[in-house]
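Open the model in the viewer and keep the selection tool at hand. The tour begins with one strand pair and works outward.

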Amino acid sequence: MTALLELNNVSKRFGGLLAVDGVSFSLKERSITALVGPNGAGKTTCFNMIAGAFRPTVGTIRFEGETISGRGAEAVCRLGIGRTFQIVRPMRDMTVLENAMVGAFSWTRKVSEAREAALDTLETVGLAPKANASISQLTLPDRKMLETAKALSTRPRLLLLDEVMAGLRPTEAAAVVRVLRRLVERGLTIMLVEHVMRIVMEAAENVVVLHHGAKIAEGAPVYIVKHPEVLAGYLGDGFRG
Ligand SMILES: Nc1ncnc2c1ncn2[C@@H]1O[C@H](COP(=O)(O)OP(=O)(O)OP(=O)(O)O)[C@@H](O)[C@H]1O
């Protein structure tokens, strides 16, 4: 079976810094994979390469069997990869619905179609009752979910979530995990960057561990938390429990 996404020996160099160092992994369709590692491990850089924002210095990225490395963010989005950003940046003079519609304009020019799709994604993430609210009325969990809704409005097959649960209370994070599971049931594949190991254990079926840009372990969460290199390397101070 072809993997939905495949990274093959991917590296990214910024001047003298090798931010991502020969990383390979693949994502099974309809699965949730966590990308973990301490600050500066190269997680966001990996996302930036998958989403087309950065071209890998070496290595190839394939999506549905097609090479996408170096295609550019817009093209990659149109191929079916949606993403959120670590820093939440809603457009403040627009409503929740209008923000969610922005993603839909990647595949339609019709305002009515974009509105319908955005309403659907707001419904999925539980924000439909606040569709006409202004951004200032949103709580932190709402803002995180709006970022997810914006990414979903692009109609992705693969969703990259960068710390969407950071700063949330355990009950709020659990609600997000339930939303992610529903999305997977509907056919989506998800990769998420997450620091809190408890959430990783709950949400992901596969974990990829990066350290100094390199992949040091990969496997089921129960295996990862016992992995000697992960434990010895940084688990104590790299993860928050
Ligand atoms: N555009 C850039 N130019 C130069 N260096 C960069 C750039 N982007 C990232 N880096 C560096 O690459 C390394 C990996 O950064 P990256 O943001 O990918 O790590 P991360 O694992 O996502 O960290 P965090 O958990 O803190 O978000 C860091 O040393 C960072 O300073």
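Select strands β1 (residues 5–14) and β4 (residues 58–63): they run antiparallel and are joined by five bridges. Strands here are DSSP E runs of at least two residues, helices are H or I runs of at least four, and both are numbered from the N terminus. Label L7, whose bridge partner in β4 is I61.

This is a predicted model, in which local features need pLDDT of at least 70 and side-chain atom pairs count only at pLDDT 80 or more, while totals for chains, interfaces and linings use all residues. Residues are numbered from 1 along each chain as its sequence is written.

Next, add β2 and β5 to show an open, antiparallel sheet of four strands, ordered β2-β1-β4-β5; two strands pair if DSSP finds at least two bridges between them. At the edges are β2 (17–27) and β5 (66–67), each pairing on one side only.

Now colour by domain, with bounds from an automatic or database domain assignment: domain 1 is 1–80 + 157–241 and domain 2 is 89–155. Their C-alpha centres lie 24 Å apart. Nine residues from domain 1 and 13 residues from domain 2 make the contact, counted where C-beta atoms, placed from the backbone, lie within 7 Å. On the domain 1 side, select α2 (73–79), β7 (158–162) and α6 (170–185), each of which supplies at least two residues.

Finally, show the whole chain, with its nine helices and 10 strands. Its C-alpha atoms fill a box of roughly 50 × 40 × 35 Å along the principal axes.

How values were computed: Two residues are in contact if their C-beta atoms, placed from the backbone, lie within 7 Å.
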